Amino acid sequence: MALFEVAEYRKRMNQTKQRMAEQGIDVLLVTDPANMNYLSGYDGWSFYVHQLLIVRLDEEQPTWVGRGMDATAAVATAWIDSDHIVAYPDDYVHNTVKHPMDYVAQLLDSRGQGNKTIAVEMDAYYFTAQCYESLKQGLQNAQFKNGTNLVNWVRIVKSDQEIVYMKRAAKIVENAMRIGIESIEEGIRECDVVAKIYHAQISGTESYGGDYPAIVPLLPSGEKTNTPHLTWTDQKYRKGDPVILELAGCHQRYHSPLARTVVIGEPEQKIKDLAEVVIEGIEAALAAVKPGATCEEVELAWRTSIEKSGFKKDSRIGYSTGVNYPPDWGEHTASIRPGDRTILQPNMTFHMIPGIWLDKYGVEISETFRVTETGCETLANFPRQLFIK
(Lines give C-alpha, C1' and ligand atoms only; values in the text may rest on other atoms or scores of the structure.)
Protein backbone atom coordinates (compact mmCIF):
# COMPACT_ATOMS: atom_id res chain seq x y z
CA MET A 1 0.00 0.00 0.00
CA ALA A 2 3.02 2.33 -0.04
CA LEU A 3 2.13 5.50 -1.95
CA PHE A 4 5.59 6.18 -3.37
CA GLU A 5 8.32 4.16 -5.02
CA VAL A 6 10.75 2.59 -2.57
CA ALA A 7 13.49 4.65 -4.22
CA GLU A 8 11.75 7.83 -3.03
CA TYR A 9 11.56 6.56 0.54
CA ARG A 10 15.25 5.65 0.41
CA LYS A 11 16.05 9.15 -0.83
CA ARG A 12 14.14 10.65 2.09
CA MET A 13 16.01 8.40 4.50
CA ASN A 14 19.37 9.37 2.98
CA GLN A 15 18.56 13.09 3.24
CA THR A 16 17.51 12.61 6.85
CA LYS A 17 20.66 10.69 7.73
CA GLN A 18 22.79 13.35 6.07
CA ARG A 19 21.27 15.94 8.41
CA MET A 20 21.80 13.60 11.34
CA ALA A 21 25.45 13.16 10.49
CA GLU A 22 25.95 16.92 10.14
CA GLN A 23 24.51 17.38 13.65
CA GLY A 24 26.42 14.51 15.25
CA ILE A 25 23.35 12.32 15.73
CA ASP A 26 23.64 8.53 15.67
CA VAL A 27 20.00 7.68 16.31
CA LEU A 28 16.88 9.76 15.64
CA LEU A 29 13.61 8.86 17.36
CA VAL A 30 10.76 10.11 15.16
CA THR A 31 7.43 10.53 16.97
CA ASP A 32 5.70 13.13 14.77
CA PRO A 33 3.14 11.01 12.85
CA ALA A 34 3.66 13.09 9.68
CA ASN A 35 7.39 12.41 9.81
CA MET A 36 6.72 8.73 10.47
CA ASN A 37 4.51 8.66 7.39
CA TYR A 38 7.05 10.57 5.31
CA LEU A 39 9.92 8.18 6.06
CA SER A 40 8.08 4.87 6.23
CA GLY A 41 4.64 5.26 4.65
CA TYR A 42 2.97 4.23 7.92
CA ASP A 43 -0.60 5.51 8.10
CA GLY A 44 -2.99 4.73 10.93
CA TRP A 45 -5.03 6.49 13.61
CA SER A 46 -2.75 5.16 16.31
CA PHE A 47 -0.90 8.31 17.32
CA TYR A 48 -3.01 8.60 20.47
CA VAL A 49 -0.74 5.91 21.93
CA HIS A 50 3.04 6.11 21.84
CA GLN A 51 4.75 5.00 18.65
CA LEU A 52 7.89 5.98 16.76
CA LEU A 53 10.43 5.28 14.09
CA ILE A 54 14.04 4.55 15.00
CA VAL A 55 16.34 5.99 12.33
CA ARG A 56 19.96 4.86 12.63
CA LEU A 57 22.90 6.08 10.61
CA ASP A 58 24.07 2.50 10.13
CA GLU A 59 20.75 1.06 8.92
CA GLU A 60 19.08 1.50 5.55
CA GLN A 61 15.53 1.11 6.81
CA PRO A 62 13.86 2.75 9.80
CA THR A 63 12.42 0.57 12.55
CA TRP A 64 8.76 1.07 13.42
CA VAL A 65 7.90 0.54 17.10
CA GLY A 66 4.29 0.65 18.26
CA ARG A 67 1.39 -1.05 19.94
CA GLY A 68 0.96 -4.72 19.09
CA MET A 69 -2.44 -4.37 17.47
CA ASP A 70 -1.06 -1.64 15.19
CA ALA A 71 1.87 -3.66 13.89
CA THR A 72 -0.33 -5.18 11.18
CA ALA A 73 -1.14 -1.65 10.02
CA ALA A 74 2.60 -1.07 9.63
CA VAL A 75 2.82 -4.24 7.54
CA ALA A 76 -0.07 -2.99 5.40
CA THR A 77 1.08 0.59 4.81
CA ALA A 78 4.87 0.87 5.28
CA TRP A 79 7.60 -0.02 2.81
CA ILE A 80 9.88 -1.51 5.45
CA ASP A 81 10.33 -5.25 5.91
CA SER A 82 8.97 -7.30 8.81
CA ASP A 83 12.34 -7.34 10.61
CA HIS A 84 11.95 -3.58 11.08
CA ILE A 85 8.49 -3.73 12.63
CA VAL A 86 8.56 -4.15 16.41
CA ALA A 87 5.47 -4.37 18.61
CA TYR A 88 5.37 -3.69 22.33
CA PRO A 89 2.92 -5.59 24.58
CA ASP A 90 -0.48 -4.03 25.18
CA ASP A 91 0.02 -3.72 28.93
CA TYR A 92 2.34 -0.78 28.24
CA VAL A 93 -0.68 1.24 27.05
CA HIS A 94 -1.93 3.77 29.64
CA ASN A 95 -0.02 2.04 32.41
CA THR A 96 1.00 4.11 35.45
CA VAL A 97 3.84 1.72 36.34
CA LYS A 98 5.64 1.31 33.04
CA HIS A 99 5.78 3.33 29.86
CA PRO A 100 6.21 2.45 26.15
CA MET A 101 9.46 4.41 26.12
CA ASP A 102 10.79 2.03 28.78
CA TYR A 103 10.37 -0.66 26.14
CA VAL A 104 12.05 1.51 23.50
CA ALA A 105 15.00 2.18 25.80
CA GLN A 106 15.46 -1.54 26.43
CA LEU A 107 15.22 -2.23 22.71
CA LEU A 108 17.86 0.36 21.85
CA ASP A 109 20.18 -0.89 24.57
CA SER A 110 19.80 -4.50 23.43
CA ARG A 111 20.78 -3.43 19.91
CA GLY A 112 23.96 -1.69 20.98
CA GLN A 113 22.61 1.87 20.88
CA GLY A 114 22.59 2.52 24.63
CA ASN A 115 25.67 4.74 24.57
CA LYS A 116 24.99 6.62 21.33
CA THR A 117 23.99 10.21 20.62
CA ILE A 118 20.21 10.05 20.37
CA ALA A 119 17.98 12.86 19.12
CA VAL A 120 14.30 13.15 20.00
CA GLU A 121 11.62 15.47 18.63
CA MET A 122 11.25 17.43 21.86
CA ASP A 123 8.60 19.80 20.52
CA ALA A 124 6.47 17.26 18.63
CA TYR A 125 2.83 17.17 19.70
CA TYR A 126 2.86 13.50 20.67
CA PHE A 127 6.23 13.39 22.43
CA THR A 128 5.51 13.99 26.10
CA ALA A 129 7.62 14.92 29.10
CA GLN A 130 7.15 11.37 30.37
CA CYS A 131 8.50 10.01 27.08
CA TYR A 132 11.69 11.97 27.59
CA GLU A 133 12.05 11.05 31.24
CA SER A 134 11.57 7.36 30.52
CA LEU A 135 14.17 7.39 27.76
CA LYS A 136 16.71 9.22 29.90
CA GLN A 137 16.15 6.85 32.81
CA GLY A 138 16.50 3.78 30.61
CA LEU A 139 19.48 5.06 28.58
CA GLN A 140 21.70 6.71 31.15
CA ASN A 141 24.83 6.26 29.04
CA ALA A 142 23.32 7.96 26.00
CA GLN A 143 23.70 11.60 25.06
CA PHE A 144 20.40 13.25 24.11
CA LYS A 145 19.92 16.01 21.56
CA ASN A 146 16.94 17.95 20.28
CA GLY A 147 15.90 16.63 16.88
CA THR A 148 12.78 18.77 16.53
CA ASN A 149 11.94 19.56 12.87
CA LEU A 150 14.97 17.74 11.48
CA VAL A 151 12.74 15.62 9.23
CA ASN A 152 10.34 18.53 8.69
CA TRP A 153 13.05 20.46 6.86
CA VAL A 154 13.68 17.45 4.61
CA ARG A 155 9.95 17.49 3.79
CA ILE A 156 9.85 21.14 2.71
CA VAL A 157 10.78 20.49 -0.95
CA LYS A 158 8.18 18.17 -2.46
CA SER A 159 8.67 15.45 -5.03
CA ASP A 160 6.61 15.48 -8.20
CA GLN A 161 4.39 12.72 -6.82
CA GLU A 162 3.75 14.72 -3.65
CA ILE A 163 2.66 17.64 -5.82
CA VAL A 164 0.23 15.32 -7.62
CA TYR A 165 -1.41 14.43 -4.29
CA MET A 166 -1.57 18.08 -3.23
CA LYS A 167 -3.20 19.08 -6.53
CA ARG A 168 -5.79 16.37 -6.00
CA ALA A 169 -6.40 17.77 -2.53
CA ALA A 170 -6.88 21.17 -4.15
CA LYS A 171 -9.63 19.78 -6.38
CA ILE A 172 -11.33 18.41 -3.28
CA VAL A 173 -11.20 21.74 -1.46
CA GLU A 174 -12.56 23.58 -4.50
CA ASN A 175 -15.69 21.47 -4.29
CA ALA A 176 -15.93 21.66 -0.49
CA MET A 177 -15.61 25.46 -0.58
CA ARG A 178 -18.22 25.78 -3.30
CA ILE A 179 -20.68 23.63 -1.35
CA GLY A 180 -19.96 25.52 1.86
CA ILE A 181 -20.60 28.91 0.28
CA GLU A 182 -23.73 27.69 -1.52
CA SER A 183 -25.11 26.24 1.74
CA ILE A 184 -24.75 29.40 3.83
CA GLU A 185 -28.10 31.18 4.01
CA GLU A 186 -30.08 33.20 6.52
CA GLY A 187 -31.84 30.81 8.93
CA ILE A 188 -29.56 27.82 8.21
CA ARG A 189 -27.68 26.31 11.16
CA GLU A 190 -23.91 26.53 11.12
CA CYS A 191 -23.58 22.82 11.94
CA ASP A 192 -25.70 21.84 8.93
CA VAL A 193 -23.38 23.74 6.60
CA VAL A 194 -20.36 22.03 8.13
CA ALA A 195 -21.99 18.62 7.69
CA LYS A 196 -22.19 19.26 3.95
CA ILE A 197 -18.57 20.47 3.91
CA TYR A 198 -17.43 17.30 5.67
CA HIS A 199 -19.27 15.15 3.15
CA ALA A 200 -17.54 16.96 0.30
CA GLN A 201 -14.12 16.70 1.95
CA ILE A 202 -14.37 12.95 2.52
CA SER A 203 -16.20 11.91 -0.66
CA GLY A 204 -13.66 13.77 -2.78
CA THR A 205 -14.11 13.55 -6.53
CA GLU A 206 -15.36 10.82 -8.86
CA SER A 207 -11.74 9.89 -9.55
CA TYR A 208 -10.39 9.78 -5.99
CA GLY A 209 -11.62 10.10 -2.43
CA GLY A 210 -10.65 12.45 0.35
CA ASP A 211 -9.03 11.87 3.73
CA TYR A 212 -9.81 13.47 7.08
CA PRO A 213 -8.05 16.85 7.16
CA ALA A 214 -5.67 17.60 10.02
CA ILE A 215 -7.83 20.60 11.04
CA VAL A 216 -11.63 20.68 11.19
CA PRO A 217 -13.54 23.28 9.18
CA LEU A 218 -13.13 26.72 10.75
CA LEU A 219 -16.25 28.84 10.26
CA PRO A 220 -16.54 31.87 12.56
CA SER A 221 -19.49 34.12 11.73
CA GLY A 222 -20.77 37.59 12.63
CA GLU A 223 -18.61 39.44 15.11
CA LYS A 224 -16.71 36.20 15.71
CA THR A 225 -14.95 36.76 12.39
CA ASN A 226 -12.61 38.98 14.42
CA THR A 227 -10.68 35.79 15.26
CA PRO A 228 -9.62 32.95 12.95
CA HIS A 229 -9.73 29.69 14.88
CA LEU A 230 -13.35 29.17 15.89
CA THR A 231 -15.25 26.18 14.54
CA TRP A 232 -19.07 26.14 14.42
CA THR A 233 -22.18 26.12 16.61
CA ASP A 234 -25.83 25.16 16.15
CA GLN A 235 -26.83 28.82 15.79
CA LYS A 236 -28.62 30.00 12.67
CA TYR A 237 -27.04 32.45 10.27
CA ARG A 238 -28.47 35.96 10.25
CA LYS A 239 -28.81 38.51 7.49
CA GLY A 240 -25.76 40.74 7.40
CA ASP A 241 -23.44 38.13 8.93
CA PRO A 242 -19.96 37.80 7.46
CA VAL A 243 -18.75 34.18 7.53
CA ILE A 244 -15.16 32.99 7.17
CA LEU A 245 -14.56 29.51 5.75
CA GLU A 246 -11.10 28.00 6.23
CA LEU A 247 -11.02 24.46 4.89
CA ALA A 248 -8.64 21.97 3.35
CA GLY A 249 -8.82 19.16 0.90
CA CYS A 250 -6.79 16.15 1.97
CA HIS A 251 -5.67 13.26 -0.22
CA GLN A 252 -3.27 10.53 0.91
CA ARG A 253 -2.60 12.77 3.97
CA TYR A 254 -1.47 15.68 1.72
CA HIS A 255 -3.31 18.97 2.28
CA SER A 256 -4.35 21.95 0.23
CA PRO A 257 -5.96 24.59 2.49
CA LEU A 258 -8.17 27.40 1.19
CA ALA A 259 -10.01 30.28 2.89
CA ARG A 260 -12.74 32.58 1.62
CA THR A 261 -15.17 35.08 3.19
CA VAL A 262 -18.89 35.37 2.43
CA VAL A 263 -21.50 37.90 3.59
CA ILE A 264 -25.22 37.10 3.87
CA GLY A 265 -26.91 40.06 2.25
CA GLU A 266 -25.36 43.36 1.19
CA PRO A 267 -22.10 43.82 3.16
CA GLU A 268 -21.17 46.99 4.95
CA GLN A 269 -18.77 49.19 3.01
CA LYS A 270 -16.03 48.66 5.58
CA ILE A 271 -16.08 44.90 4.90
CA LYS A 272 -15.96 45.49 1.14
CA ASP A 273 -13.03 47.85 1.60
CA LEU A 274 -11.16 45.39 3.83
CA ALA A 275 -11.70 42.57 1.32
CA GLU A 276 -10.21 44.72 -1.44
CA VAL A 277 -7.16 45.42 0.73
CA VAL A 278 -6.68 41.71 1.46
CA ILE A 279 -7.10 40.69 -2.19
CA GLU A 280 -4.68 43.36 -3.42
CA GLY A 281 -2.20 42.34 -0.73
CA ILE A 282 -2.29 38.63 -1.42
CA GLU A 283 -1.87 39.24 -5.14
CA ALA A 284 1.16 41.43 -4.45
CA ALA A 285 2.64 38.74 -2.21
CA LEU A 286 2.04 35.97 -4.75
CA ALA A 287 3.70 38.10 -7.42
CA ALA A 288 6.81 38.28 -5.22
CA VAL A 289 7.15 34.48 -5.01
CA LYS A 290 9.97 33.05 -7.10
CA PRO A 291 13.00 30.82 -6.60
CA GLY A 292 15.74 32.71 -4.80
CA ALA A 293 13.37 35.07 -3.01
CA THR A 294 13.10 34.80 0.75
CA CYS A 295 10.02 34.35 2.88
CA GLU A 296 10.49 37.78 4.42
CA GLU A 297 10.66 39.40 0.96
CA VAL A 298 7.27 37.89 0.12
CA GLU A 299 5.81 39.21 3.38
CA LEU A 300 7.26 42.65 2.64
CA ALA A 301 5.30 42.80 -0.61
CA TRP A 302 2.11 42.12 1.35
CA ARG A 303 2.95 44.61 4.08
CA THR A 304 3.82 47.34 1.60
CA SER A 305 0.51 46.81 -0.15
CA ILE A 306 -1.78 46.94 2.91
CA GLU A 307 0.07 49.83 4.54
CA LYS A 308 -1.00 52.04 1.64
CA SER A 309 -4.54 51.69 3.05
CA GLY A 310 -3.47 52.19 6.63
CA PHE A 311 -3.58 48.54 7.75
CA LYS A 312 -1.04 46.52 9.69
CA LYS A 313 -0.83 42.81 10.48
CA ASP A 314 1.44 41.49 13.22
CA SER A 315 1.11 37.74 12.58
CA ARG A 316 2.74 35.74 9.80
CA ILE A 317 0.92 35.48 6.48
CA GLY A 318 1.80 31.90 5.58
CA TYR A 319 3.67 28.71 6.31
CA SER A 320 4.83 25.56 4.55
CA THR A 321 2.30 22.76 4.28
CA GLY A 322 2.00 19.23 2.94
CA VAL A 323 1.61 15.82 4.57
CA ASN A 324 0.20 15.90 8.09
CA TYR A 325 -2.07 14.59 10.83
CA PRO A 326 -4.17 16.30 13.49
CA PRO A 327 -3.89 18.82 14.97
CA ASP A 328 -2.14 20.81 12.23
CA TRP A 329 -1.55 20.86 8.47
CA GLY A 330 1.49 23.17 8.76
CA GLU A 331 5.01 21.75 8.51
CA HIS A 332 6.54 23.87 11.32
CA THR A 333 9.44 25.07 9.18
CA ALA A 334 9.39 28.19 7.00
CA SER A 335 6.96 31.02 7.72
CA ILE A 336 6.18 34.00 5.52
CA ARG A 337 7.04 36.75 8.00
CA PRO A 338 9.73 39.32 8.77
CA GLY A 339 13.03 37.74 9.76
CA ASP A 340 12.48 34.42 7.98
CA ARG A 341 15.24 34.26 5.39
CA THR A 342 14.36 30.82 4.05
CA ILE A 343 15.20 30.85 0.34
CA LEU A 344 12.34 29.67 -1.83
CA GLN A 345 13.01 26.69 -4.07
CA PRO A 346 10.90 24.98 -6.74
CA ASN A 347 8.35 22.53 -5.30
CA MET A 348 8.16 24.19 -1.92
CA THR A 349 4.49 24.54 -1.00
CA PHE A 350 2.90 27.13 1.29
CA HIS A 351 -0.49 28.11 2.60
CA MET A 352 -0.61 31.90 2.27
CA ILE A 353 -3.34 33.15 4.60
CA PRO A 354 -3.05 36.92 5.07
CA GLY A 355 -6.27 37.45 6.99
CA ILE A 356 -6.97 40.73 8.74
CA TRP A 357 -9.05 40.55 11.91
CA LEU A 358 -10.33 43.79 13.42
CA ASP A 359 -12.37 44.44 16.58
CA LYS A 360 -15.75 43.23 15.32
CA TYR A 361 -15.15 41.69 11.91
CA GLY A 362 -12.47 40.17 9.73
CA VAL A 363 -11.70 38.93 6.23
CA GLU A 364 -9.75 35.82 5.22
CA ILE A 365 -8.82 34.96 1.66
CA SER A 366 -6.05 32.41 1.28
CA GLU A 367 -4.25 30.32 -1.32
CA THR A 368 -2.03 27.27 -1.23
CA PHE A 369 0.75 27.67 -3.77
CA ARG A 370 3.72 25.82 -5.20
CA VAL A 371 6.97 27.58 -6.01
CA THR A 372 7.73 26.96 -9.69
CA GLU A 373 10.89 27.45 -11.74
CA THR A 374 9.86 31.01 -12.56
CA GLY A 375 7.32 32.09 -9.93
CA CYS A 376 4.42 30.27 -8.33
CA GLU A 377 1.15 28.53 -9.10
CA THR A 378 -1.88 28.39 -6.84
CA LEU A 379 -3.13 24.84 -6.44
CA ALA A 380 -6.85 25.56 -6.22
CA ASN A 381 -8.78 27.32 -8.97
CA PHE A 382 -11.40 29.27 -7.03
CA PRO A 383 -12.54 32.88 -7.40
CA ARG A 384 -10.51 35.23 -5.22
CA GLN A 385 -13.23 37.59 -4.06
CA LEU A 386 -15.66 38.54 -1.31
CA PHE A 387 -18.75 36.39 -1.81
CA ILE A 388 -22.17 37.99 -1.32
CA LYS A 389 -25.24 35.80 -0.79
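Asn-347 is found in the loop between β10 (330-335) and β11 (349-352). Helices (H or I, at least four residues) and strands (E, at least two) are DSSP runs, numbered from the N terminus. This is a predicted model, in which local features need pLDDT of at least 70, side-chain atom pairs count only at pLDDT 80 or more, and totals for chains, interfaces and linings use all residues. Residues are numbered from 1 along each chain as its sequence is written, and side-chain values use heavy atoms, with hydrogens and water left out.

**Exercise 1. Two residues of one loop**

Task: Is Asn-347 buried or exposed, and which residues does Asn-347 contact beyond its sequence neighbours? Do the contacts for Gln-345 too: which are they?

Solution.
Step 1. Recall the cut-offs: buried means under 20% relative accessible area, exposed over 50%, and partly exposed in between (1.4 Å probe, protein chains only).
Step 2. Asn-347 has a relative accessible area of 10%, so Asn-347 is buried.
Step 3. A contact means heavy atoms within 4.5 Å. Neighbours within four places in sequence are left aside, and Asn-347 then touches Ile-156, Val-157, Lys-158, Ser-159, Asp-160, Ile-163, Arg-370 and Val-371.
Step 4. Gln-345 also lies in the loop between β10 and β11. Its relative accessible area is 40%, so Gln-345 is partly exposed.
Step 5. Leaving aside neighbours within four places in sequence, Gln-345 contacts Val-157 and Val-371.
Step 6. Now take a distance. Gln-345 and Val-120 are 225 residues apart in sequence and 28 Å apart in space, C-alpha to C-alpha.

**Exercise 2. Unusual backbone**

Task: What is the phi of Asn-347, what is the phi of Arg-253, and where does Pro-327 lie?

Solution.
Step 1. Start from the rule: most residues other than glycine have a negative phi, and most peptide bonds are trans.
Step 2. Asn-347 has a positive phi, near 75°, and is a residue other than glycine.
Step 3. Arg-253 is not a glycine either, and has a positive phi of about 75°.
Step 4. Place Arg-253: it sits in the loop between β7 (242-251) and β8 (254-263). With 1% relative accessibility, Arg-253 counts as buried.
Step 5. Turn to the peptide bond from Pro-326 to Pro-327. This bond is cis, with omega near 15°.
Step 6. Pro-327 lies in the loop between β9 (318-321) and β10.

**Exercise 3. Two helix pairs**

Task: At what angle do α1 and α2 cross, and at what angle do α7 and α8 pack?

Solution.
Step 1. Two packed helices are described by the angle between their axes and the distance between the axes. Axes are lines fitted to C-alpha atoms, for helices over the stretch in contact, and angles run from 0 to 180 degrees between N-to-C directions.
Step 2. Angles under 35 degrees count as roughly parallel, over 145 as roughly antiparallel, 65 to 115 as roughly perpendicular, and the rest as oblique.
Step 3. The axes of α1 (residues 6-22) and α2 (residues 33-40) come within 7 Å and cross at roughly 120°. Therefore α1 is oblique to α2.
Step 4. From α1, Tyr-9, Arg-12, Met-13, Gln-15 and Thr-16 meet Asn-37, Tyr-38, Leu-39 and Ser-40 of α2. Four of these residues are nonpolar, four are polar and one is charged. Ala, Val, Leu, Ile, Met, Phe, Trp, Tyr, Cys and Pro count as nonpolar, Asp, Glu, Lys and Arg as charged, and the others, Gly among them, as polar.
Step 5. The axes of α7 (residues 160-183) and α8 (residues 190-203) are 8 Å apart, at an angle of about 160°. So α7 and α8 are roughly antiparallel.
Step 6. Ile-172, Asn-175, Ala-176, Ile-179, Gly-180 and Ser-183 in α7 meet Val-193, Lys-196, Ile-197, Ala-200 and Gln-201 in α8. This contact has six nonpolar, four polar and one charged residues.

**Exercise 4. Salt bridges**

Task: How many salt bridges does a search of the whole structure find, and which residue pairs with Asp-58?

Solution.
Step 1. A salt bridge is a side-chain nitrogen of Lys or Arg within 4 Å of a carboxyl oxygen of Asp or Glu.
Step 2. The search finds 24 salt bridges.
Step 3. Asp-58 pairs with Arg-56, with the closest N and O atoms 2.9 Å apart. Asp-58 is exposed at 54% relative accessibility, whereas Arg-56 is buried at 10%.
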